[in-house]
Structure formats: structure tokens, C-alpha cells
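Trainee: Could you take me closely through the aromatic side chains of this chain, and then place them in the setting of the whole fold?

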Amino acid sequence: MKKKIQNLLRKVLLQDAKMEYALFEYELKEHINYWYKGLKTDRDEYVFIVTENSGHVAMVLITKEKIIYVNEDAREKLAQLWQDSYKKNIERLLPMMADNLANNIISVNGVKTSSGTQKPFFLEQKLLR
């Protein structure tokens with residue numbers, strides 16, 4: 001199951017496959033304020049959350065200004081923030097995200113940046129069952 005989810009995430013996050021808005025509404029939307037509070041507490045620049053259900057993927061990215069990006073917009077914003085590091089960072093995170101999702105844990109990833117740049121300085125994965 002983990003390998004199947006990892007391949008699905010690779011398609012969605014690296015090969016621009018479509019995400020499911022209904023899954024965002026079903027599994028992610030209600031937790032946005034909770035994740036935003038965690039972002040502020042942890043002093044993250046942004047947090048992105050990925051979920052999978054029945055072969056569908058949804059994603060949300062929340063900035064410290066509480067700007068919310070959903071699915072393809074979230075993927076595009078994350079790629080913009082990470083620039084040249086996007087592919088490498090996603091490849092590094094894929095196994096952890098797939099493992100979480102295979103265990104019915106939503107993958108929550110807080111990102112800190114160094115000196116106000118938009119290059120990832122520290123990735124922290126948080127768990128929500």
C-alpha cells in the first residue's frame with residue numbers, strides 16, 4: 001500500500017496529475033485553523049498538508065499570512081517557494097508522506113526558511129491522525 005501511495009504522490013506532486021477538490025473539503029478544510037495555529041506556534045513560514053483516499057490526493061498550503069492554496073494552486077505555490085529545490089525536497093519527503101498516509105495519518109509539513117529567503121531551511125513533519 002505504501003508503494004502505491006508513494007507512486008500516486010509522485011504523479012500528483014512531480015508529474016502534475018490532477019488532485020481532488022472534494023477530498024480537500026472532506027479531509028482537510030475543517031483543520032485549516034488548527035494547522036495555522038501550529039504554524040504560528042512553531043514559527044514556520046508555511047505549512048503544507050497532503051492526504052490520500054481511495055486513489056485520490058488533496059493538498060493545502062497555508063502561509064504565515066494565512067493565505068490558503070488548495071490542490072494544484074498549493075503545488076504551484078510550493079514549487080514557486082522552493083524553486084530549484086522543489087523536486088529534490090519532494091523526493092526526500094515522499095517516503096515519509098506515503099508511510100504516514102498508508103497508516104491513515106495526514107501528512108503535515110511545516111517549513112522554516114533562513115534569513116527571510118524562500119529556500120527551505122528546515123522541514124518538520126507533524127502528524128495528525
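Mentor: W82 and Y86 are both buried, and in this model, which is predicted, their rings form a pair with centres 6.2 Å apart and planes at 45°. That pair counts as tilted because an angle of 45° falls neither under 30 degrees, where planes would count as stacked, nor over 60, where they would count as edge-to-face. The two residues do not stand by themselves, since F48 joins W82 and Y86 in one aromatic cluster. Of these residues, F48 falls within the span of β1 (46-53), while Y86 falls at the start of α5 (86-102).

The count of aromatic pairs comes to 3. One of them is formed by Y21 and F24, again tilted, at 5.4 Å centre to centre and with 45° between the planes. Both of these residues belong to helix α2 (residues 21-28), where they sit 3 residues apart, about one turn of the helix. Their surroundings can be read from the accessibilities: F24, at 3% relative accessibility, is buried because that value lies under 20%, whereas Y21, at 42%, is partly exposed because its value lies between 20% and 50%.

Around these aromatic residues, the chain as a whole has 5 helices and 5 strands, and from the N terminus on these run α-α-α-β-β-β-α-α-β-β. Of its 129 residues, 47% count as buried, and the accessible surface comes to about 7100 Å², with 48% of that area belonging to carbon and sulfur atoms. If one takes the contacts between residues at least 6 apart in sequence, 61% of them join residues at least 24 apart.

Two loop residues next to the elements already named also deserve a look on account of their backbone. Most residues other than glycine have a negative phi. R43, however, has a phi near 60°, a positive value in a residue other than glycine, and R43 is found in the loop between α3 (32-42) and β1 (46-53). Phi of N104 is likewise positive and near 60°, and N104 is placed in the loop between α5 (86-102) and β4 (106-113). As for their side of the surface, R43 has a relative accessibility of 71% and counts as exposed, and N104, at 66%, counts as exposed too.

Technical notes. Residues numbered from 1 in each chain as written. Predicted model: local features only at pLDDT ≥ 70, side-chain atom pairs only at ≥ 80, totals over all residues. Heavy atoms only, no water. Helix = DSSP H or I, 4+ residues; strand = E, 2+ residues; numbered from the N terminus. Buried < 20%, exposed > 50% of the residue type's maximum accessible area, 1.4 Å probe, protein only. Contact = heavy atoms within 4.5 Å. Areas by Shrake-Rupley, 256 points an atom, 1.4 Å probe, with all protein chains shown as cover. Phe/Tyr/Trp six-rings, centres within 6.5 Å; stacked < 30°, edge-to-face > 60°.
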